[in-house]
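Biologist: I am new to this structure. Please take me through one part of it closely, and then show me what lies around that part.

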Amino acid sequence: MIETRFTREFNVQHPIVQGGMQWVGRAEMVAPVADAGALGFLTALTQPTPEALVKEIARTREMTDRPFGVNLTILPAISPPPYAEYRAAIIESGIRTVETAGFSPADHMPAFKAAGIKVIHKCTSVRHALKAESLGVDAVSIDGFECAGHPGEDDVPGLILIAAAARRVTVPIIASGGIADARGLVAALALGADAVNMGTRFMCTVEAPIHEKVKRRIVASTELDTTLIFRTLRNTSRVAVNTISNEVVEILRAGGEFADVRDLVAGVRGREVYETGDLERGLWTVGQSQALIEDIPTVADLVHRMVAEAEEIISGKLGPLVVAR
């Protein structure tokens, strides 16, 4: 067993996290992650209303008696979701751990802390991690440039970012981006992290509530089969390469504005990719770690395999490299 500050402070067996994923972070995904001894997060805004989130939390509790959390992603929007109501739903449901992402969690921290909730904030730079720490978060999850979704605008890969964060951040660090197997777990621990976060790898499991064609595409893809969109808008996002993402890149590269691609990037189209398996229907997020994914295991098999292989790397492969002089 690998025990770290993270496993002790967040009451989980393994230093592995399944972070919030839009359209994917549902009970079917989170419950088996919890049962496997890792920490899974429902994605609040996947649910259409705060009331629906309350029901999804209850549904998850019917499927597992292990700890799990809820992700609340705070992003700019023409019509912002009722964040205060989602926050209240989380608190009233008795959730003990929340993952925040996107904008600063400052407005939500007083209510979460008053309720005794541990907060993990996901960020993409050391400066943002330090700011989150100053706000009182209990851990930070730091996304390297390899990650799916929003990698920030600094373009710093995990090998540098995690080590740089570990030099300055004092709360537990969760390494995110580019991690899909035991080698990534061991490397993250060596860099100073206390746990790892995986999204793309958990998408490619039996229980993930997405179409089988999406999972098979991930297995077949390489590190070159993602693209970065919204670069010119300073809102970079890593998504799968398809006709839609290529068209968005070309329109914006030619001087287009968000209004010119609004219909192409609509979230409902991405949801339909996961539901129907039509890989060209819209944008869908995936990380460069897909290059390391070769199968579609159950969640339990994935977690237990990762931990067992990580233990073997640490004690079996790395241990003998240290010799007495």
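Modeller: Start with a side chain that reaches a backbone: that of Asp181 comes to 3.1 Å from the backbone nitrogen of Gly184. Keep in mind that this model is predicted. Asp181 sits in a loop. Strand E7 (173-176) lies on one side of that loop in the sequence, and helix H8 (182-191) on the other. The Asp181 side chain also makes a polar contact of 2.6 Å with the side chain of Arg183. Is Asp181 buried or exposed? Asp181 counts as buried because its relative accessibility is 14%, and the cut-off for buried is under 20%. Leaving aside residues up to four places away in sequence, Asp181 touches Leu292 and Met306.

Now to helix H14, residues 299-318. Leu318 belongs to this helix. Leu318 counts as partly exposed because its relative accessibility is 39%. Leu318 also joins Ile314, Leu321 and Val322 in a nonpolar surface patch. Together these residues have about 400 Å² of accessible area.

H14 has a further role in the picture: it is among the elements that cover the buried residues of helix H2. Strand E1 (16-18), strand E2 (39-43), helix H3 (50-63) and helix H9 (200-203) are also among them. H2 spans residues 27-35, and 7 of its 9 residues are buried. These buried residues are Ala27, Met29, Val30, Ala31, Pro32, Val33 and Ala34. Just after H2 comes Gly37, with a positive phi of about 95°.

Definitions and conventions
Residues are numbered from 1 along each chain as its sequence is written. This is a predicted model: local features need pLDDT of at least 70, side-chain atom pairs count only at pLDDT 80 or more; totals for chains, interfaces and linings use all residues. Side-chain values use heavy atoms; hydrogens and water are left out. Patches are made of residues with over 30% relative accessible area and no salt bridge: like charges are joined within 9 Å, nonpolar side chains (Val, Leu, Ile, Met, Phe, Trp, Tyr) within 5 Å. Accessible areas come from the Shrake-Rupley method with a 1.4 Å probe; for residues, only the protein chains shown count as cover. A salt bridge is a side-chain nitrogen of Lys or Arg within 4 Å of a carboxyl oxygen of Asp or Glu. Helices (H or I, at least four residues) and strands (E, at least two) are DSSP runs, numbered from the N terminus. Buried means under 20% relative accessible area, exposed over 50%, partly exposed in between (1.4 Å probe, protein chains only). A polar contact is a pair of N or O atoms within 3.5 Å; within protein, one must be able to donate a hydrogen and the other to accept it, and residues adjacent in sequence count only if both atoms are side-chain atoms. Contact means heavy atoms within 4.5 Å.
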